[in-house]
Amino acid sequence: MRLKKLISQCRKQDREAQEKLYREYADKLFVLCLKYAGNYEEAKDILQDGFIKIFQNIAQFRGKGTFEGWMTRIMINTALKKYQNRSVFLSIEEEWVEEPEIEDDAELLSLNVLIDLVQELPERYRLVFNLYSLDGYSHKEIAEMLNITEGTSKSNLARARMKLKEKIEDHRTKNLKPVYVEK
């Protein structure tokens, strides 16, 4: 019930309610923005732009689905718009790229390291990887969202996974601690 009242107040441009809504969801949505951004500063910009859109369009929320899901969609669209005007996608015909297997061993990467590695991916790979692997969109949906072909989406995902595998292996290699044996 508290959320409905907060939404209602935000529809009336109540600054205090907007601040409460922001404080309630900013951290969670910032993590989402980090997935799509190339760096921390871009993520902050996406979050700011996304909240502006949320407050401008809050009257359009009709209660179908969750409010958090509605806001998430706005944040993802805001992030994608940032890259729409850039020609980051290479148009690829139905080219098959073998997807790598990433070894699952006892040494797990921290979430921060994994986010950093994903952020290092080229934009075209990062966007498709996040939409498909982390947010569960189909290649058809991704193709429509990014104005690319399904083949390009599939190819960019495969290449993202290969690059990510290389980055993970490189990170593990750099962080191996030498073992010294006393004689």
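## Exercises on a helical chain

Gln18, Leu21, Tyr22, Tyr25, Ala26, Leu29, Phe30, Cys33 and Leu34 of H2 are in contact with Tyr40, Ala43, Lys44, Ile46, Leu47, Phe51, Ile54 and Phe55 of H3. The model in which this contact occurs is predicted.

### Exercise 1. The H2–H3 contact

Describe the contact of H2 with H3 by residue class, then give the geometry of the two axes.

*Solution.*
- Step 1. Sorted by class, the residues where H2 meets H3 comprise 15 nonpolar, one polar and one charged.
- Step 2. H2 covers residues 15-36 and H3 covers residues 40-57; their axes come within 9 Å, with a crossing angle of roughly 135°.
- Step 3. H2 is therefore oblique to H3, because angles over 145 degrees would be needed for roughly antiparallel, and 65 to 115 for roughly perpendicular.
- Step 4. The crossing of H2 past H3 is right-handed.

### Exercise 2. Composition and confidence

State which elements the protein chain contains, and where confidence in it is highest and lowest among them.

*Solution.*
- Step 1. The protein chain holds eight helices and zero strands, and read from the N terminus its elements are α-α-α-α-α-α-α-α.
- Step 2. Of its 183 residues, 39% are counted as buried.
- Step 3. Take the contacts between residues at least 6 apart in sequence: 73% of them join residues at least 24 apart.
- Step 4. The mean pLDDT of the chain is 84, and 82% of the residues reach at least 70.
- Step 5. Among the helices, H3 has the highest mean, 95, and H5 (residues 111-119) the lowest, 84.
- Step 6. Residues 88-107 have a pLDDT below 50; in the model this stretch makes 41 contacts beyond near neighbours in sequence.

### Exercise 3. The H6–H8 contact

How are H6 and H8 oriented to each other: roughly parallel or roughly perpendicular?

*Solution.*
- Step 1. The axes of H6 and H8 approach within 8 Å and cross at roughly 100°.
- Step 2. Angles of 65 to 115 degrees count as roughly perpendicular, so H6 and H8 are roughly perpendicular to each other.
- Step 3. H6 contributes Arg124, Tyr125, Val128, Phe129, Tyr132 and Ser133 to the contact, and H8 contributes Ser153, Asn156, Leu157, Arg159, Ala160, Arg161, Lys163 and Leu164.
- Step 4. By class, the residues in the contact of H6 with H8 are seven nonpolar, three polar and four charged.

### Exercise 4. H5 and its surroundings

Find the buried residues of H5 and the helices they pack against, then place Val113 and Glu120 relative to H8 residues.

*Solution.*
- Step 1. Ile115, Leu117, Val118 and Gln119 are buried in H5.
- Step 2. The buried residues of H5 pack against H2, H3, H6 (123-134) and H8 (150-174).
- Step 3. Val113 also belongs to H5; its relative accessibility of 22% makes Val113 partly exposed, because buried means under 20%.
- Step 4. Val113 and Ile168 are 55 residues apart along the chain, with their C-alpha atoms 9.2 Å from each other.
- Step 5. Glu120 is in the loop between H5 and H6 and is partly exposed, at 48% relative accessibility.
- Step 6. From Glu120 to Lys163, the sequence separation is 43 residues and the C-alpha to C-alpha distance is 9.5 Å.

### Exercise 5. Asn130

Is Asn130 buried or exposed? Which residues is Asn130 in contact with, leaving aside its neighbours within four places in sequence?

*Solution.*
- Step 1. Asn130 sits in H6.
- Step 2. Its relative accessible area is 0%, so Asn130 is buried.
- Step 3. Once neighbours within four places in sequence are set aside, the contacts of Asn130 are Lys35, Tyr36, Val118 and Asp135.
- Step 4. One of these, Val118, is among the buried residues of H5.

### Exercise 6. Positive phi in two loops

Give the phi values of Gln13 and Asn147, and state where each residue lies and how accessible each is.

*Solution.*
- Step 1. Gln13 has a phi near 65°, which is positive although the residue is not glycine.
- Step 2. Gln13 lies in the loop between H1 (2-11) and H2.
- Step 3. With a relative accessible area of 44%, Gln13 is partly exposed.
- Step 4. Asn147 likewise has a positive phi, near 60°, in a residue other than glycine.
- Step 5. Asn147 belongs to the loop between H7 (139-146) and H8.
- Step 6. Its relative accessibility is 70%, so Asn147 counts as exposed; the cut-off for exposed is over 50%.

How values were computed:
Residues are numbered from 1 along each chain as its sequence is written. This is a predicted model: local features need pLDDT of at least 70, side-chain atom pairs count only at pLDDT 80 or more; totals for chains, interfaces and linings use all residues. Side-chain values use heavy atoms; hydrogens and water are left out. Axes are lines fitted to C-alpha atoms, for helices over the stretch in contact, and angles run from 0 to 180 degrees between N-to-C directions. Helices (H or I, at least four residues) and strands (E, at least two) are DSSP runs, numbered from the N terminus. Angles under 35 degrees count as roughly parallel, over 145 as roughly antiparallel, 65 to 115 as roughly perpendicular and the rest as oblique. A crossing is left-handed if the near helix is turned anticlockwise from the far one by less than a right angle, and right-handed if clockwise. Contact means heavy atoms within 4.5 Å. Ala, Val, Leu, Ile, Met, Phe, Trp, Tyr, Cys and Pro count as nonpolar, Asp, Glu, Lys and Arg as charged, and the others, Gly among them, as polar. pLDDT is the predictor's confidence in each residue, from 0 to 100. Buried means under 20% relative accessible area, exposed over 50%, partly exposed in between (1.4 Å probe, protein chains only).
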